[in-house]
Amino acid sequence: MREVGPGARTTISFKVNGGAVEVEVSAEDRLIDVLREGLRLTGTKEGCGIGECGACTVLLDGKPVNSCLVPALQVEGREVETVEGLAKDGRLHPLQEAFIEHTAVQCGFCTPGMLMAAAALLRENPDPTREDIARAISGNLCRCTGYHQIMSAIESAARRMRAQGPGASGAGTSEPPGAPVVSEASRREIHSRDSAD
Amino acid sequence: MDEPRWVGARVCRIDAVDKVTGRLKFMSDLSFPGMLWGAVLRSAHPHALIKKIDTSKAEAIDGVVAVLTHKDVPGLNGFGIVIPDQPVLCFDKVRYMGDAVALVAATSKEKASEALRAIEVEYEPLPVVDDPEEAMLESSPRVHADGNIHHRIKVERGDVEAAFREAAVVVENTYYTPRQMHAFMETESGVATIDEDGNITVWCGSQHPFRDQLQIARALGMNPRKIQVVSTPTGGAFGGKDEITIQIYLALLALRTGRPVKIVLSREESVVAGMKRHPMKIRMKTAAAADGTLLANEVRVVADTGAYASLGGPVVNLAIEHSCGPYRMPNVRLEGFCVYTNNGLAGAFRGFGANQVIFALETQIDMIAERLGMDRLEFRRKNALRQGDVAALGHTMTASVGAVATLDAASRCEIWVRREELKARPSAPHKKRGVGIATELHGCGLGVGLPDYGAATIELLPDGRFAVGVSCPEIGQGNTTAFAQMAADSLGCSVEDIVMVSGDSRYTLDSGTSTASRSVYTGGNAIRCAAARMREAIADLAAEALGAAREEIAFGCGNVTVRSCPAGEATRSARRLSFREIACIAESKGRKLKAEGDFIWPVADRGVEGYFGLPHLIYSYITQVALVEVNTLTGEVEVLRVVSIPDPGKAINPVGIEAQSEGGVVMGMGYALMEDTVIEQGITKTPNFSTYIIPTSMDAPEIETMIVEELEPSGPFGAKGIGEAVCVPITPAITNAIHDATGIWITHIPATAERVYMALRKQAGEPAGA
């Protein structure tokens with residue numbers, strides 16, 4: 001980590017979602033400030049500022065971190081992944097798809113951090129138990145959902161990713177217009193009602 | 001109307017794609033050129049006189065653009081939904097640590113903080129009023145000049161004394177409930193902008209953009225039409241963003257500086273300054289006859305509303321209304337006090353006074369059942385209100401009543417049926433299992449005496465889709481998806497053809513709040529009304545274009561046809577117009593197809609004289625069953641399984657109801673077992689999530705939601721509302737389960753490990769200390 005005195009500014013280089021960036025930072029800046037204000041990647045949210053709520057979770061060299069606790073200077077030369085990098089080539093990540101299908105999203109403020117924590121889990125452990133999932137997201141607070149739909153979504157995404165084989169991390173359906181509108185069960189139900197018309 | 005295609009289907013949220021991609025801009029994500037950072041100087045004392053405010057040093061700091069005090073409030077220096085007793089910026093005294101004394105706007109967050117530190121305020125501290133019952137005494141120091149009892153309600157019906165004399169069982173207890181925090185994940189955040197004509201736009205998550213507009217206009221002394229308020233999206237609210245939070249500060253700073261100004265509260269500032277659930281002390285005396293008929297309930301509620309009124313009065317009114325639950329209770333004496341203290345601020349919170357009294361009542365109910373040797377569920381079912389019954393406050397239950405239906409469903413759920421078997425198999429010898437049940441009814445809408453209305457707009461867009469506007473904000477509950485479903489079925493199109501416009505005072509009509517379990521019912525009815533008018537307009541245009549009689553126009557899915565057209569596909573398609581073609585025809589004729597719909601809430605057949613906001617005509621119902629395991633060595637309680645049985649009327653989006661139900665269960669579990677905002681001598685001791693603990697994924701029990709649909713004829717497609725009820729009976733279901741497991745009664749929540757442990761020791765006859 002570079003030595004910079006209080007108040008002094010310096011430029012750091014690192015990778016965000018695969019692309020190289022250079023940002024001017026001060027010693028006081030946190031990674032979340034660089035992402036949200038410096039790079040305007042506002043998908044990453046701040047919920048508590050003390051590393052308790054997980055809303056600011058991003059991946060640093062593939063590991064989940066609270067970006068409110070990481071000094072910006074520490075990311076020099078490293079790789080950061082945020083929610084904006086989950087969808088690839090206009091195609092949703094299987095986790096994003098599953099969150100939509102399982103109504104794992106309510107107000108949506110914890111969602112980006114929750115997705116990043118889940119993405120880190122599935123890279124480490126492609127076949128997690130419900131208990132593994134609960135543990136992996138236990139640092140991510142959600143006040144709306146009660147966590148079940150989130151855990152079901154992660155289970156479902158894991159199944160889908162295993163079925164698609166390795167290297168399928170960003171191979172969901174395209175969006176829009178392919179984003180799901182109704183769950184699979186209801187789609188069948190609606191179609192059967194349609195054909196009965 | 002044809003059978004609905006979208007209503008009742010498990011529809012994915014229409015806002016989910018933007019939320020999972022991080023594309024959705026919350027108010028804290030907005031940024032404008034030339035934007036300044038605003039900050040609020042909060043009080044340094046819980047109760048003090050302000051002797052002097054000197055802002056000169058702050059103003060002199062390079063980068064500080066404005067410093068505002070009470071002298072800079074052009075209009076009314078006060079806000080508050082019922083009475084505007086909370087100063088925008090304090091002038092003579094401060095009444096809690098969250099009181100705002102000055103505002104700053106600066107070119108950076110750091111400069112804004114520096115400016116706050118440079119403002120000099122001279123205070124003369126006053127004695128802190130922190131015990132609501134002491135505050136009620138004449139001898140108490142006063143928080144407000146006209147006394148500390150902000151509001152008092154008393155309702156009597158029948159003869160409670162006679163009932164207590166004749167009863168076979170009378171139980172009387174005192175209950176204490178904590179100061180629960182909303183803990184929405186997005187703190188109060190937003191931006192205000194101002195244009196060259198002085199029009200202000202305030203982007204700030206909240207629960208009623210039009211009331212925010214009114215309160216901002218009043219404080220600025222400005223025509224409300226010059227102020228636009230955008231309240232959607234909101235990153236969670238649960239009642240905590242019903243009152244004004246930072247909207248007036250934003251508008252004042254934009255007005256003064258002529259530049260966009262952004263404020264984002266830190267979590268600590270949000271906790272200290274924001275609303276909480278009223279802590280209540282509840283004395284409850286309940287009587288039943290030997291055959292298990294409930295005879296009387298005497299209730300005395302003292303609620304700590306903190307420094308300002310906000311919705312404290314209505315919360316206490318609703319506590320009184322809900323204090324007899326979904327039961328016939330022929331004799332009642334119900335009294336509630338809403339008391340000012342220097343303990344922060346209490347106001348609206350999901351459940352709105354019911355959570356506290358239902359916890360007390362449902363414990364009383366279990367105690368009486370136990371004393372009578374009756375089955376807890378049977379006892380509830382025996383006394384449950386049926387349609388046509390007279391409720392405790394004397395009004396007749398004429399709308400749909402699902403109390404018995406949810407109890408019936410509970411009697412068949414697995415953890416209830418197999419409860420003895422489940423209890424017999426704890427996970428360790430020192431653990432004990434129990435099953436608890438609780439039920440409630442929950443008023444939907446604002447109740448007797450308050451204007452309660454809905455409005456919706458529908459516009460046919462050039463591409464054949466419909467823009468549907470309802471102002472009730474999307475705060476995470478999923479109302480925009482439910483609106484889109486109801487609009488799609490009312491118009492005859494797909495959910496994908498609906499573009500929702502939500503929570504914007506410029507582009508929607510006032511449809512009231514996203515509170516009080518009201519927005520789906522209200523917005524849905526207004527959408528139904530607007531859609532009927534839109535279909536008439538479409539039918540007129542189609543009849544003209546197709547050369548058919550108006551009555552011959554039939555609506556299909558996304559199109560209209562001529563009803564009597566002869567058989568043959570070719571003729572039929574020649575006489576069919578899609579909504580897109582209708583839009584083209586309208587455009588070619590220079591016409592815009594737009595419709596407005598409105599709706600006024602029906603109310604109960606009688607009110608309670610002298611009070612407003614109660615009772616209600618329409619209630620949602622819910623029964624919840626919990627299986628818990630108590631560690632008898634530590635007092636720790638684990639909730640293993642919950643069955644949640646809501647009656648929301650028609651479930652517009654069943655997966656959305658499940659989402660509400662699960663979230664409500666976990667929030668009500670936090671209330672039962674762990675949550676309390678500790679304030680000592682006016683100082684908040686739990687200002688962030690390291691000390692204020694809410695349930696995590698590791699705490700969440702297995703939850704099954706069984707929806708019971710008691711259709712409400714006045715509701716859109718039969719819907720009522722369910723946003724609040726889902727978090728209420730779960731609390732006593734859990735504490736009753738602790739009793740079932742261990743024999744101890746919980747009368748003071750949260751039932752933390754310490755409280756349970758001490759109660760277990762007391763039960764065993766061991767000294768509590770040791």
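Which residue of chain B forms a salt bridge with A:Arg143? Select A:Arg143 and look across to the other chain. Its partner is B:Glu675, and the closest N and O atoms are 2.6 Å apart. Keep in mind that this model is predicted.

**Stop 1: the interface**

Stay where the two chains meet. The rule finds 4 salt bridges across the interface of chain B and chain A. Polar contacts come next: 23 residue pairs, both members at pLDDT 80 or more, make them between the chains.

Now select helix 19 of chain B, residues 654-673. This helix gives 8 residues to the side of chain B that touches chain A, the largest share. Three other elements of chain B give two or more residues to that side. Colour each in turn: helix 1 (16-20), helix 8 (267-273) and strand 30 (702-705). What classes of residue make up this side of chain B? There are 29 nonpolar, 17 polar and 17 charged residues.

Next, show both sides at once. On chain B, 63 residues are in contact with 53 residues of chain A. Together the chains bury about 4700 Å², with 58% of it on carbon and sulfur atoms. Pick out B:Cys12, B:Val20 and B:Met185. These residues supply 16% of the area that chain B buries against chain A, more than any other three residues.

**Stop 2: the nonpolar cores**

In soluble globular proteins, nonpolar side chains tend to be buried together. Go inside and see the case here. The largest nonpolar core has 128 residues. Which of them touch the most other members? Select A:Phe99, A:Ile154, B:Ile734 and B:Ile738. Then select helix 10 of chain B, residues 354-372. Helix 10 gives the most to this core, with 10 residues.

Zoom in on B:Ile734. Leaving out residues up to four places away in sequence, B:Ile734 touches B:Ala626, B:Val628, B:Val639, B:Met669, B:Ala672 and B:Leu673.

Another core lies apart from the largest one, and it has 59 residues. To find it, select B:Met486, B:Ile498, B:Ile553 and B:Ile582, which are among its members.

**Stop 3: a loop proline**

Where is B:Pro74? Look in the loop between strand 3 (64-68) and strand 4 (93-94) of chain B. Show its neighbours too. Beyond four places in sequence, B:Pro74 touches B:Ala219, B:Leu220, B:Leu252 and B:Leu255.

Finish with a distance. Select B:Pro74 and B:Pro314, which are 240 residues apart in sequence. From C-alpha to C-alpha, B:Pro74 and B:Pro314 are 29 Å apart in space.

Definitions and conventions:
Residues are numbered from 1 along each chain as its sequence is written. Chains are lettered from A and ligands numbered from 1 in the order in which they are written. This is a predicted model: local features need pLDDT of at least 70, side-chain atom pairs count only at pLDDT 80 or more; totals for chains, interfaces and linings use all residues. Side-chain values use heavy atoms; hydrogens and water are left out. Contact means heavy atoms within 4.5 Å. Buried area is the accessible area (1.4 Å probe) that two parts lose on being put together, summed over both. A salt bridge is a side-chain nitrogen of Lys or Arg within 4 Å of a carboxyl oxygen of Asp or Glu. A polar contact is a pair of N or O atoms within 3.5 Å; within protein, one must be able to donate a hydrogen and the other to accept it, and residues adjacent in sequence count only if both atoms are side-chain atoms. Helices (H or I, at least four residues) and strands (E, at least two) are DSSP runs, numbered from the N terminus. Ala, Val, Leu, Ile, Met, Phe, Trp, Tyr, Cys and Pro count as nonpolar, Asp, Glu, Lys and Arg as charged, and the others, Gly among them, as polar. A nonpolar core is a set of buried Ala, Val, Leu, Ile, Met, Phe, Trp, Tyr and Cys residues joined through side-chain atoms within 4.5 Å. Buried means under 20% relative accessible area, exposed over 50%, partly exposed in between (1.4 Å probe, protein chains only).
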